[in-house]
Amino acid sequence: MKKFEISDSIIHENIEEDSVIVAPHRATISALNETGNRIFEIIAEDKPVFTQIVDKIQNEYEVSREAAEADVRFFLDKLLENGLIREV
C-alpha cells in the first residue's frame with residue numbers, strides 16, 4: 001500500500017488561527033480548514049497510508065467511516081493534483 005509524504009520545498013505554517021501551505025515551485029499559497037490542516041499534519045508526522053489517515057480523522061472528528069474516507073480521498077486527490085504531496 002502506498003504511503004503519502006509532503007513534497008519537497010512545501011512549507012506548512014499556522015498563522016494565528018489559520019493554516020496555510022506555501023508551494024514555492026508553483027508560486028501559490030493555499031489556506032486550509034481545520035480538517036485539511038489535520039490531514040496535512042498527519043502526513044507530515046507519519047508518512048501514513050490512506051487507511052491510517054482515515055482512522056485518525058474518523059476517531060478525532062467522530063464521523064462515519066464512509067464520510068471520513070470520502071473527505072480524506074477528496075483532499076488527498078487535491079493535494080496530489082497540485083503537487084503538494086506525493087505517493088511513496
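Trainee: Which residues of helix 2 are buried?

Mentor: The structure is a predicted model, in which local features need pLDDT of at least 70 and side-chain atom pairs count only at pLDDT 80 or more, while totals for chains, interfaces and linings use all residues. Residues are numbered from 1 along each chain as its sequence is written, and side-chain values use heavy atoms, with hydrogens and water left out. Helices (DSSP runs of H or I, at least four residues) and strands (runs of E, at least two) are numbered from the N terminus. If buried means under 20% relative accessible area, exposed over 50% and partly exposed in between (1.4 Å probe, protein chains only), then the buried residues in helix 2 are F50, I53, V54 and I57.

Trainee: What arc do these buried residues cover around the axis of helix 2?

Mentor: An α-helix has 3.6 residues a turn, so residues three or four places apart point the same way. F50, I53, V54 and I57 are the buried ones, and they lie on the same side of helix 2 because the arc they cover is only 100°. That arc is the one made by the directions from the helix axis to the C-beta atoms, and here its value is 100°.

Trainee: How far apart are the end C-alpha atoms of helix 2?

Mentor: The expected span of a helix is 1.5 Å times one less than its number of residues. Helix 2 has 12 residues and should therefore span 16 Å. The distance between its end C-alpha atoms agrees with this, at 16 Å.

Trainee: Which helix gives the most to the largest nonpolar core?

Mentor: A nonpolar core is a set of buried Ala, Val, Leu, Ile, Met, Phe, Trp, Tyr and Cys residues joined through side-chain atoms within 4.5 Å, and the largest one here has 20 residues, with I39, I43, I53, V72, L76 and L79 making the most contacts inside it. Strand 3 (18-23), helix 1 (34-46), helix 2 (50-61) and helix 3 (65-81) each supply at least two of its residues. The element that gives the most, with 5 residues, is helix 3.

Trainee: With which side chain does the side chain of E5 make a polar contact of 2.6 Å?

Mentor: E5 lies in strand 1 (residues 4-6) and counts as buried because its relative accessibility is 12%. A polar contact is a pair of N or O atoms within 3.5 Å; within protein, one must be able to donate a hydrogen and the other to accept it, and residues adjacent in sequence count only if both atoms are side-chain atoms. One such contact, of 3.1 Å, joins the side chains of E5 and K47. The 2.6 Å contact of the E5 side chain is with the side chain of R86.

Trainee: Is N37 buried or exposed?

Mentor: N37 is found in helix 1, and its side chain makes a polar contact of 2.6 Å with the side chain of S19. With contact meaning heavy atoms within 4.5 Å, N37 touches H12, N14, S19 and L32, not counting residues up to four places away in sequence. Its relative accessible area is 12%, and therefore N37 is buried.

Trainee: Which residue in the turn between strand 3 and strand 4 has a positive phi?

Mentor: Strand 3 and strand 4 (residues 28-32) pair in the antiparallel sense over 5 bridges, where pairing requires that DSSP finds at least two bridges. They form a hairpin with 4 residues between them. The residue with a positive phi of about 55°, although not a glycine, is A27.
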